Amino acid sequence: MHTVLVIEDDLGIQKQLKWSLSDYELVFAADRQQAMTQLRRFEPAVVTLDLGLPPDAANASEGLACLTEILTAKPETKVIVLTGSTDNNHALQAIALGAYDYYQKPIDADVLNIILQRAFKLSQLEQENKALKASSYQQADIIGNSEAIQKACRTVEKIAPTEITTLLLGESGTGKEVFARAIHRQSPRTGKPFVAINCASIPENLLESELFGYEKGAFTGAVKTTLGKIECANGGTLLLDEIGDMPLSLQAKMLRFLQERVIERVGGRSEIEVDVRVICATHRDLQDMVAAQSFREDLYYRISEIVLRIPPLRNRGHDIILIAKALLHRFNQEYKTQIQGFTPCATEALLSHNWPGNIRELQNKLKSAVILSESKLINAEDLGFRPTANKSSFQTLRQIREQAESEGIRQAYVLANSNLSKTADLLGVSRPTLYALIDKYKLYDLKGTESETTES
Ligand SMILES: Nc1ncnc2c1ncn2[C@@H]1O[C@H](COP(=O)(O)OP(=O)(O)OP(=O)(O)O)[C@@H](O)[C@H]1O
């Protein structure tokens, strides 16, 4: 049953509405403050609002202020304004402020029900539309609702249909390859090959032939003509991962390919035209490398027509939990386990960890947790975190200070060979102050065992 928030101070009309709108669950508010509380609590998609609210029941100022506050807090809410029969001006003012519709009293149950039905229908369509948009991002395996990820996804949508050479920057394990695949999938080249090559993982002397291919007999062991990754990607997209690790010696040849879209196989004499969209990725600071002359400046400008920065996991807020849940689901299937979720401690630990290895680190932690966990919920220790403070057990600054003080007094007492005058000296306080502190922290044993020895 849909919930409708009725903002109305007249008890008689409240009753009448209850009667007329029996298909809905009604919650009531008699003034602006109550209205905002009920809005936060029930999050109704549709609200009816009497414009004549106290303390200005004879006018519309409070009603219009309430309308503005509702739409600021929850802009998607459909507000139907109820006005007196001669109140046209205020009704129009409300529509101008963003009200969905208005209705003039006296109440006619049939008409009001139709207006409500339409409002709910529109709200449902808007929600479906929003979900559809969000799921189109998820198709590309990019899980996340954070502003940072949504912004990156919007950029992908914009650049995908173009042929622009994109540089993906981000720490290791942030999902640069996932983003490159998303660009390919949303581009007109989808259905054609997507080929990725990691320039850092292939020895320098092999990288050229891996990229450009080789002719039979080009070198010892070249028993047959072999296509390189660039030719394999013909018609599609090539991801040059870790482009910052491409040796300087190869950079000139790469630049030529990017400028002219022709290649020469190793040991070959003819130029071969290729139609490839290029995406580059790196975790290195290419501008620094250009300054240090370990990366060609002309190549840098060629590959960075558009730069897309992939945010590190630590800056994605609650996405960490969304991704962790998705991975948990995947690993449950893979390892035939039935782990249901995370303990509050584990959730806190996931949210507060710094994630230097980003999503790859999260994957590793979860995989071992799923295999090792002995209960239905993964706890912080399963994830390799110390089972430390969660919100409820976290100490206040005062508690931390008092604990440190009490430990410090004990340490000084030991160092001072159980002599309280010397303990006070070590701590830089007077003897009466030390006594007061001993009483405060209930360190009574210190008084009882005091030695009278004095050292010179
Ligand atoms: N938003 C995401 N949601 C779920 N899984 C993701 C997401 N982004 C990345 N992953 C997963 O994280 C892992 C690392 O992603 P990827 O290989 O794309 O990172 P990378 O930045 O290219 O890393 P490197 O720089 O080390 O090559 C992959 O297994 C990928 O499927």
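The protein has 19 helices and 14 strands, and the model you are looking at is a predicted one. Of its 456 residues, 29% are buried. If you take the contacts with a separation of 6 or more, residues 24 or more positions apart account for 67% of them. With that overview in mind, let us walk through some places worth finding on your screen.

A good starting point is Asp 50. UniProt, in an unreviewed entry, gives this position the feature "modified residue: 4-aspartylphosphate". That annotation may be inferred rather than shown by experiment, so please read it as a record and not as a result of the model. In the structure, Asp 50 sits in strand S3, which covers residues 46-50. Is Asp 50 buried or exposed? It has 24 C-beta neighbours inside 10 Å, and because 20 or more is the cut-off, Asp 50 counts as buried. Leaving aside residues up to four places away in sequence, Asp 50 touches Ile 7, Glu 8, Asp 9, Gly 63 and Leu 82.

Follow the chain onward from S3 and you enter the loop that leads to helix H3 (61-73), where Pro 55 lies. The peptide bond that joins Pro 54 and Pro 55 is cis, with omega at about 10°. There is another cis peptide bond between Lys 105 and Pro 106, with omega at about 5°. Pro 106 belongs to the loop between strand S5 (101-104) and helix H5 (109-138).

Now turn to H3 itself and its partner, helix H2 (residues 32-42). Two packed helices are described by the angle between their axes and the distance between the axes. For H2 and H3, the axes come within 10 Å and cross at roughly 20°. Because that angle is under 35 degrees, H2 is roughly parallel to H3. The crossing of H2 past H3 is right-handed. On the H2 side the contact is made by Arg 32, Ala 35, Met 36 and Leu 39, which meet Glu 62, Ala 65, Cys 66, Glu 69, Ile 70 and Ala 73 of H3. Sorted by class, the contact of H2 with H3 has 7 nonpolar, no polar and 3 charged residues.

A second helix pair lies further along the chain: H13 and helix H15 (residues 358-372). Their axes also come within 10 Å, and they cross at roughly 45°. H13 and H15 are therefore oblique to each other. H13 passes H15 in a right-handed crossing. From H13, the residues Ile 323, Ala 324, Leu 327, Leu 328, Phe 331 and Asn 332 meet Ile 359, Leu 362, Gln 363, Leu 366, Lys 367 and Val 370 in H15. By class, this contact of H13 with H15 holds 9 nonpolar, 2 polar and 1 charged residues.

Between these two helix pairs in sequence, have a look at Arg 181 in helix H7 (residues 176-185). Arg 181 has 20 other C-beta atoms within 10 Å, so it is buried. Val 195 is 14 residues away from Arg 181 in sequence, and the two are 9.4 Å apart in space, C-alpha to C-alpha.

Some backbone angles also deserve a visit. Glu 242 is not a glycine, yet it has a positive phi of about 55°. You will find Glu 242 in the loop between strand S8 (237-241) and helix H10 (248-260). How buried or exposed is Glu 242? Glu 242 is partly exposed, because 19 other C-beta atoms lie within 10 Å and 20 would be needed to count as buried. Lys 336, again not a glycine, has a positive phi of about 55° as well. Its place is the loop between helix H13 (319-334) and strand S13 (341-342). Lys 336 has 7 other C-beta atoms within 10 Å, so it is exposed.

The tour ends at helix H18 (residues 431-440). How many of its 10 residues are buried? The count is 1, and H18 is hardly covered. Just after H18 comes Lys 442, which takes a positive phi of about 55°.

Key:
Residues numbered from 1 in each chain as written. Predicted model: local features only at pLDDT ≥ 70, side-chain atom pairs only at ≥ 80, totals over all residues. Helix = DSSP H or I, 4+ residues; strand = E, 2+ residues; numbered from the N terminus. Buried ≥ 20, exposed ≤ 12 C-beta atoms within 10 Å, placed from the backbone. Contact = placed C-beta atoms within 7 Å. Axes fitted to C-alpha atoms, helices over the stretch in contact; angles between N-to-C directions. Parallel < 35°, antiparallel > 145°, perpendicular 65-115°, else oblique. Left-handed = near helix turned anticlockwise from the far one by under 90°. Nonpolar A, V, L, I, M, F, W, Y, C, P; charged D, E, K, R; others polar.
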